[in-house]
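This report describes selected local features of a single model. The sequence and coordinates come first, and the discussion follows.

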Amino acid sequence: MKRAFVLLFALSFHSALQSQESKSSSSFLTWSDLEPLPDDTGFAAPFAGISNGALLVAGGANFPDGRPWDGHPKVWHDRIFVMTKKPEGDAKGEWITAKAKLPKPSGYGVSISTSYGVIAIGGCDKDVCHSEVFVMKWNAASNTVEVSSSLTLEDGSTIALPSLPQATAFASGAQLGGDIYIVGGQHNMKGDTTSKPQVFRLKLSNLPKSSELKWETLPWPANASSRVLPIAVAQHDGRQDCLFMFSGRKIDAEGKATLLKDAWKLIPSQISKKAAEAWHQIPDSPTCIMAGTGLPIGSSGIHIIGGADGRYWSQDLKDEHPGFPNEIHYTYHTVTEKWLKAPPLPLNLVTTTAVKWDEDIIIPGGESRPAVRSNRILIAKLNSTQGSFGWVNYLTIAIYLAVLVGVGIYTSSAGESTKEFFLGGQRIPWWAAGLSIFGTQLSAITFMAIPALVFRTDWVYFWANMMICIAAVITIYIYLPFYRKLNVTTAYEYLEKRFSTAVRCMASASFVLFQIGRMGIVLYLPALALSTVTNLNIYVSILMMGVLATFYTVMGGIEAVIWTDVLQVIVLAGGALLILFGIASDLDGGWSEIFSAGQEANKFHQFNWTWDFTTTAVWVVVVGKILEQLMPYSADQAVVQRYLTTPDQKSAARSLWMGGFLVIPASLLFFGLGTALWVYYRAHPENLNPAGNTESILPWFVATELPQGIAGIVIAGLFAASMSSLDSALNSCSTAITTDFYKRFKPGLPDKHYLGLAKQLTIILGVLGTGFALYMAYVQSKSIFDVYLQILGLFGGGLAGLFALGIFTRRGTATGALAGFIVSAIVLYIVKTSTDTHFFLFAGIGMMTCILIGILVSSFSGAQDKDLTGLTLYDTQSKENE
């Protein structure tokens with residue numbers, strides 16, 4: 001029976017894959033024309049870019065009087081054309097000819113759009129190559145173009161643009177990390193020959209600190225030929241921002257041309273360490289694409305638009321030349337290192353510069369065939385690349401969400417007192433509490449971000465997850481006994497008993513404020529997933545999940561939270577397993593292909609053996625993550641509250657053992673899923689989303705590859721994970737506010753009064769968390785997983801330090817605790833903003849700072865006047881020995 005089910009699923013999965021048409025669909029770009037340039041001949045190799053919302057096209061060269069083989073000369077130009085605003089709808093736009101002109105006629109240079117204007121670099125005329133660098137800036141107020149050899153900074157001061165170290169034309173360039181890179185080119189016009197290859201960098205990122213700009217000369221790839229007309233594009237490779245160089249043409253001293261297909265990647269962070277090894281060869285382009293243009297697309301795509309493949313290079317066709325092939329159109333995926341064929345272009349224009357105008361791509365003229373220029377301005381709009389998400393999937397999601405709401409209604413009768421609402425009457429089975437603790441960690445963050453992280457990198461973060469096991473053991477033997485013996489509702493009640501009311505309130509307030517922010521993150525992630533794979537608006541998704549989670553949390557309290565967690569864990573883990581087995585069944589080599597391809601590409605790499613504290617060194621992962629994972633287990637009410645819902649300390653310990661060590665198989669599953677996705681898309685690059693975001697690789701796979709129904713279950717589980725994290729935060733925050741603030745300062749009121757307040761607070765907090773999620777959707781994020789961990793490490797270290805100061809020392813006083821917490825926040829801010837310390841260490845730094853400052857201040861603030869019996873590790877052990 002089991003084998004039959006597995007076979008049925010594999011066949012269904014494979015059938016779904018076969019029935020899907022190529023995901024790099026021919027319709028992901030829609031091409032049309034803007035108003036042509038006001039010159040009937042058109043230009044090749046103009047400078048072009050965007051300045052203050054206007055499109056500038058300047059200079060270039062053409063044959064205005066006839067073909068060169070008929071004796072007519074090439075003419076270089078200095079005019080500047082401006083389309084002052086982007087056309088809307090079907091409008092074509094209007095051009096004006098600026099009064100300003102280039103410093104001299106020029107073309108075949110590099111132009112880079114920056115916040116300072118369009119920076120034009122090098123170029124040539126009929127006699128010489130140019131080294132000059134200048135900037136063109138559109139001034140909308142005066143309706144003029146300003147051309148200058150200096151940049152104007154925000155404070156109004158200027159800084160001169162230095163000339164290139166060597167005159168250069170027919171090069172390519174890109175902006176990376178604020179800096180401008182120039183690669184390839186030739187340095188004189190004495191025949192079409194390339195000189196000694198060089199790479200130049202202008203560090204604009206030093207502005208405004210630097211008082212002078214200088215070009216640096218960087219190493220050329222050791223085994224790469226010199227070249228003209230390459231394509232240079234800056235893009236992220238999954239690990240860091242890189243400069244990519246493709247194709248080009250080499251001409252030797254005898255004038256013999258070699259058409260190049262090789263491709264290279266420059267990692268700037270490696271230049272200072274081993275300059276010669278900063279370049280890495282990557283897969284060749286499918287054909288020669290010299291003189292084409294390219295730009296980044298999505299989070300890991302490089303879109304190559306046009307180029308010459310040299311098929312007519314040796315033929316003297318003159319006017320019989322059919323034009324450069326329209327099929328030279330590709331996307332290179334930097335993570336899988338695969339080339340995707342794009343649909344034919346409406347017109348292949350070479351020696352031009354692709355310009356990003358908002359979200360659209362502009363091709364401002366160029367050369368359609370030898371000696372023939374074009375004045376056409378092509379515009380490409382990105383189309384929606386959503387997968388097919390049919391009614392079966394929508395129905396599955398609706399049913400699943402209805403079940404979650406039903407759980408809230410079913411458990412509503414149990415939440416008729418604060419003890420029931422906050423602690424579930426302390427009758428929750430240990431295994432359910434354990435699954436709930438584990439489910440808190442297995443959020444939408446885990447389900448989406450870990451596979452995406454592993455898809456683009458490796459397994460280094462795996463051991464960060466393993467530190468949860470150590471944190472769970474420490475909690476069981478040290479922290480848990482304090483919370484259970486003191487019979488507290490919130491963890492922060494301990495801090496009042498150990499220190500003071502002020503410390504308790506400060507810690508509880510810190511937790512609540514952090515949870516409101518976290519609620520936004522865990523709502524934003526699945527909403528992003530849904531908007532990626534369906535046409536449902538991201539804001540609608542956030543509102544839907546926020547409202548439903550708030551509803552059943554108000555109805556059922558912590559009991560509803562725990563039982564929905566149990567359901568969520570089963571669905572999410574089951575969905576991940578289905579995806580993993582489905583991928584293995586579709587790959588020709590099955591499981592062995594996943595392991596062999598991953599091993600060959602070093603995707604299973606886990607350890608960075610270095611003392612460098614700025615990266616994921618082994619010691620950074622181990623030390624940093626042990627201390628960081630202690631935060632939720634010892635100081636996070638959302639986790640602590642779960643192991644307080646069990647009948648006794650023994651069952652609470654069991655729940656922690658279960659919750660902690662379930663992380664091992666779960667991490668193997670989700671990290672393995674990330675690697676499997678990478679192997680799958682290496683084998684099927686045509687199914688990648690050319691303009692997609694790497695963070696959405698899993699929901700893209702679910703919506704476009706999984707069979708109907710199964711995809712719905714997985715996406716529904718993703719929603720449930722988000723709602724589970726939200727409901728946990730809602731219930732724990734309402735518990736903390738009611739218990740640590742309202743009931744603390746207004747004791748003696750009827751229990752129903754406190755219960756009513758807790759439910760009202762749940763609604764208010766649901767509104768706040770949902771609002772923050774809407775804000776997150778507005779600002780977006782490049783790496784959501786890293787952002788989440790940075791927030792956790794930055795704001796939680798001092799909170800965990802308070803508990804450690806109280807439990808592990810007798811010397812700590814209330815004054816010392818308050819000082820330690822405040823100073824830890826200041827130190828963390830300085831560390832984050834002024835150093836390159838890896839964020840894994842933030843929690844440990846905050847925690848240790850709080851402890852050390854707490855001890856130091858306590859030493860000068862007077863003797864401890866509290867009875868510490870049963871409140872410190874030392875006093876508890878002493879009491880037990882009596």
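Does Asn693 count as buried, partly exposed or exposed by its relative accessibility? Asn693 counts as partly exposed, because its relative accessibility is 35%; here buried means under 20% relative accessible area, exposed over 50%, and partly exposed in between (1.4 Å probe, protein chains only). Asn693 lies in the loop between α14 and α15 (697-705). Helices (H or I, at least four residues) and strands (E, at least two) are DSSP runs, numbered from the N terminus. The C-alpha atoms of Asn693 and Gly298 are 5.5 Å apart in space, although 395 residues separate the two in sequence.

**Basis and confidence**

The model is predicted: local features need pLDDT of at least 70, side-chain atom pairs count only at pLDDT 80 or more, and totals for chains, interfaces and linings use all residues. Residues are numbered from 1 along each chain as its sequence is written, and side-chain values use heavy atoms, with hydrogens and water left out.

The pLDDT, the predictor's confidence in each residue from 0 to 100, has a mean of 87 over the chain, and 91% of the residues reach 70 or more. Over residues 1-26 the pLDDT is below 50, and this stretch has 38 contacts in the model beyond near neighbours in sequence; a contact means heavy atoms within 4.5 Å. Residues 877-882 also stay under 50, with two contacts beyond four places in sequence. Where pLDDT is low, the predicted coordinates should not be read in detail.

**Helix α10 and its surroundings**

In helix α10 (residues 590-600), the buried residues are Gly590, Ile594 and Gly598. They lie on the same side of α10, because they cover an arc of only 105 degrees around the axis, the arc being that of the directions from the helix axis to the C-beta atoms. An α-helix has 3.6 residues a turn, so residues three or four places apart point the same way. Phe595, Gln599 and Glu600 are exposed on the face turned away from the buried side of α10. The cover over the buried residues of α10 includes α9 (538-586) and α14 (663-683). Asn602, which follows α10, has a positive phi near 60 degrees.

**A nonpolar surface patch**

Tyr477, Trp657, Phe661, Ile664 and Leu668 form a nonpolar patch on the surface, with about 480 Å² of accessible area together. Helices α13 (649-661) and α14 each give two or more residues to this patch. Phe661, placed in α13, is partly exposed, with a relative accessible area of 33%.

**Backbone geometry and loop residues**

Most residues other than glycine have a negative phi, and most peptide bonds are trans. Asn143 has a positive phi of about 60 degrees, and that of Leu229 is near 55 degrees. A cis peptide bond, with omega about 5 degrees, joins Leu207 and Pro208; Pro208 lies in the loop between β16 (199-202) and β17 (215-218).

The table lists three loop residues with their relative accessibility.

| Residue | Loop between | Relative accessibility |
|---|---|---|
| Asn143 | β10 (133-139) and β11 (144-148) | 47%, partly exposed |
| Leu229 | β17 and β18 (231-236) | 14%, buried |
| Thr287 | β21 (279-282) and β22 (293-297) | 18%, buried |

Which residues does Thr287 touch, not counting those up to four places away in sequence? Thr287 is in contact with Lys261, Asp309 and Tyr330.

Methods:
Patches are made of residues with over 30% relative accessible area and no salt bridge: like charges are joined within 9 Å, nonpolar side chains (Val, Leu, Ile, Met, Phe, Trp, Tyr) within 5 Å. Accessible areas come from the Shrake-Rupley method with a 1.4 Å probe; for residues, only the protein chains shown count as cover. A salt bridge is a side-chain nitrogen of Lys or Arg within 4 Å of a carboxyl oxygen of Asp or Glu.
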